[in-house]
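Subject: Model handover and findings

Hello,

Please find the model below. My notes on it follow.

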Amino acid sequence: MEFLRNNQLDIMLVTIGVCGLLTILAIYTRFLRKQRKLILIAIELSAMLLLIFDRFAYIYRGDISQTGFVMVRVSNFMVFFLQLFILLMFDLYITDLYKEEGGFTTTPLRLRATAIIGMVGFILIFISQFTGFYYTFDDQNRYMRADGYLVCYVVPLIMLILMLSFVVQFNKRLSGSISISLLAFAIIPLIATIVQVYAYGLSLTNFAIAGVVMFLYIFALLDLNEKVTKTNKIEIDYLKAEQQKIQALFEETAEALATAIDAKDAYTHGHSTRVAEYSKRIAEASDLSEKECEEVYYAALLHDVGKIGIPDKIINKAGKLSDEEFGAIKQHPVIGRQILSSIGKSPYLCLAANYHHERYDGKGYPEGLKGEDIPRLARIIAVADAYDAMTSKRSYRDPLPQEKVREELVKGLGTQFDPIYGKIMLHFMDLDTEFDMRERVEIKEFEGNRSVYCVEYRSDFSEGIMITPAFSRIRFRFTPRNTDVECFPAIIVFDSLDGRVQTSPNMQRDMSYYEYADIRIGGDITPKGIRNHTVKTTYGYTEAGISLSKDEYEIQSLKIKDHILLRICGEDKTTEIVMAGPDNTRFAYISLTGQNCKISDVEIKTDSENARRDYIPRIAPEVSYIDVPAGDIPNVQLDGWRSAASEGIELTDLMQISFHSMSLPTARLIWHCPFLFIYSSDDGKVNGTNYREFALIRLDGESWEEDSFASNRILTNKSEDFGNWDDWKRKNKEGLDVDIRIKRVDNVITVSSENAGIGFRNVTTIRDDIPKLYVALTGDQCAITNIRIR
């Protein structure tokens, strides 16, 4: 109290400045209702004047000059007057709030009573000026309390109590910030007024009023800001909703248009959607922004819109197109550009339509652009478009097998396709072990009552059922069609890239079709591509749990390396057949067929675990292509993708690995060649404890560039010795002497080599500090011998 008493004039001066500033701010505040704004200006201005006159009252107290005589009387009168005036303005402020926001239609009774009491207070102040009822002045011109001084406190107290009771009762009708300011305005001056009665010489009530007046404006601004923010949010949400509606309309229109495009060609159903999805995945893997990825998606969705202008008879022609017809087809990019160029807000759409048939080497159409002169999204879509074309059914062919598609993409890197986006698609294919990235066509998967109907022998076939190292059990029902003709079920054991029996010589060649044997269910076997076989027949049940009716059969199948076991179970007989295939590299499938019969109710179950590796008794020696002297470490034969690996070799700062490589007779693809990989493990072994792999580099010049452990950058070039990829495969089959040079500087490993005209330089940067690194050799369908380390 003493501090306040000694410094209250200075505090008043500061508070006057703040109230003056808030008055100016209130004048220039936008968005407040005019009446409420005027009330706030009046309250802030009155609080400033209240403190000014209160300060003058203290300054001129005891000044017996003429000026002091006038100032003391005027100042004290204004102090009492402005106190009541501020309370009346606050009453109007509350009334305005509750009428506009609190749901009241008329002025509440307590607030009207407050106004009446305030008017009575004004009358008493004026009376006091002539009667000395509230205060008087002594001979030294000093303010003195009179007998009725308590009345001057009672009036504002009653007003504050009435307003407080009302605000407390209905505070939930207003926002939180406004309710707090109203409660503060009613409570703080109320307490200060009670204390003022006993604290003579201090302007506690005036300080309290000035303080809450400042907070009243601040909380009004906070409430205004909250409302503006809420309004803005509503507007933004509305705009977003409108944008979403527009985007949804655009998407639906684009998808409908894409569907209409695909509907022109009986063999391209869903083509545009798949191309859009593949293109977006490539864009995402290229670290394009979300907006750019969306643009790529919709550009790809509408890339073939120009086909609308091509006659249906040309699009759906089953045979080869004439030069004139092909010329008409080549116009669809130009037509697409013309159609989509009218969409001014999305210029990327017409770019994709116009340029998606350009080639990276400049031999495409319609403009023959080359390299990066082709718009980026068109280069992305070109890869996705070609991929979907190869993996979809056409009038003249079935979908190509995944490995054939992969080989075509490899051949097209740098010629037909941008090598960056082509390699991304190749990486997706490597991850797509189930070949899900393709057109879904209807095939006989033996669900429900799927059936095979055979009139002539082998006139119909089921889809191939793969024979795996885990036992599969195929149960089916056999129904004769005509008892006057010989009827029987049969199975064909074969290998084909698409897992289907092929009868056309062209398809047999394209699908690398290979038939092991033709087996009639009775046990008669016609060997076609096996080195040896045995047949054992037993009568009665041979396995617990098998219960078959007269027309039911169960075939149990198993393949371990080059040996195949088939167990054909009937009602009273089991025939067990063991076949030795030509090598370890081929797959094997079973297809159900027969003569004059129906095969139905097919069920297939496969064990979750593989059988023992020695389960099938060997009836022919294992085919080996590495029975030659070894070098510094043992030779290694790869019958499939990374089916084995050489011993690990500790990496030094500078080293060279030499070996002889030969693709196996079954090798038919570019990547059927040796690979080198860099890894670490606690024991130095491949797949050892804490195994981590940092790079996999193939001799055909491929290496995926990023993973969580390391980054890889590969540069591939073709020398004059490189003819084409068919030459590359031929030279690999004939055999190559390979030299691989490896250099390590800290965590950066450089691997380089050149073979059959393909040279590469791969730089691996390992993210962690790993002192011991190892390299090893692996591959796909190749033999690696005479491995030397220098």
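Helices are DSSP runs of H or I with at least four residues, strands are DSSP runs of E with at least two, and both are numbered from the N terminus. With that in place, take helix 7 (residues 204–263): lysine 233 and aspartate 237 lie 4 residues apart in helix 7, so about one helical turn separates them. Their side chains meet in a salt bridge (2.9 Å, N to O). By salt bridge I mean a side-chain nitrogen of Lys or Arg within 4 Å of a carboxyl oxygen of Asp or Glu.

Before you read on, the ground rules. This is a predicted model, in which local features need pLDDT of at least 70 and side-chain atom pairs count only at pLDDT 80 or more, while totals for chains, interfaces and linings use all residues. Residues are numbered from 1 along each chain as its sequence is written, and side-chain values use heavy atoms, with hydrogens and water left out.

Overall shape

The chain holds 18 helices and 25 strands. Its C-alpha trace spans about 140 × 70 × 65 Å along the principal axes. The radius of gyration is 46 Å, whereas a compact globule of 790 residues would come near 28 Å. That radius is taken over C-alpha atoms, and the globule rule is 2.2 Å times the number of residues to the power 0.38.

Of the 790 residues, 50% count as buried. Buried means under 20% relative accessible area, exposed means over 50%, and partly exposed is in between (1.4 Å probe, protein chains only). The chain exposes about 38200 Å², and carbon and sulfur atoms supply 55% of that area. Areas come from the Shrake-Rupley method with a 1.4 Å probe; for residues, only the protein chains shown count as cover.

Contact means heavy atoms within 4.5 Å. Among contacts between residues at least 6 apart in sequence, 71% join residues at least 24 apart.

Salt bridges

The whole structure has 39 salt bridges. Side chains of opposite charge can pair when their charged atoms come close. Back in helix 7, aspartate 237 is partly exposed at 35% relative accessible area.

Helix 9 (residues 290–301) has a pair with the spacing of 4 residues, about one turn of the helix: glutamate 295 and lysine 291. The closest N and O atoms in their salt bridge are 2.7 Å apart. Lysine 291 is exposed, with a relative accessible area of 59%. Elsewhere, salt bridges that share partners join Glu407, Glu408, Lys411, Asp726 and Lys729 into one network.

Aspartate 138 and arginine 142 also pair through their side chains, at 3.0 Å, N to O. Aspartate 138 is partly exposed at 24% relative accessible area. Arginine 142 is partly exposed too, at 34%.

Helix 18

Which residues of helix 18 (residues 725–734) are buried? They are Trp725, Trp728, Lys729 and Asn732. Seen down the axis, these buried residues fall within an arc of 95°, so they line one face of helix 18. The arc is that of the directions from the helix axis to the C-beta atoms. Their cover includes helix 15 (402–412), strand 17 (654–663) and strand 20 (710–718). Strand 21 (736–745), strand 22 (748–755) and strand 23 (758–766) are also among the covering elements.

Surface patch

Ile187, Ile188, Ile191 and Val195 make a nonpolar surface patch of about 300 Å². Patches are made of residues with over 30% relative accessible area and no salt bridge; like charges are joined within 9 Å, and nonpolar side chains (Val, Leu, Ile, Met, Phe, Trp, Tyr) within 5 Å. Isoleucine 188 lies in helix 6 (residues 176–198). Isoleucine 188 is partly exposed, with a relative accessible area of 40%.

Backbone points to check

- The peptide bond from tyrosine 365 to proline 366 is cis, with omega near 15°. Proline 366 sits in the loop between helix 13 (348–355) and helix 14 (376–390).
- Aspartate 601 is not a glycine, yet has a positive phi of about 50°. Aspartate 601 is in strand 14 (residues 597–606) and is partly exposed at 30% relative accessibility.
- Glutamine 781, also not a glycine, has a positive phi of about 50°. The loop between strand 24 (774–779) and strand 25 (782–789) holds glutamine 781, which is buried at 7% relative accessibility.

Best regards
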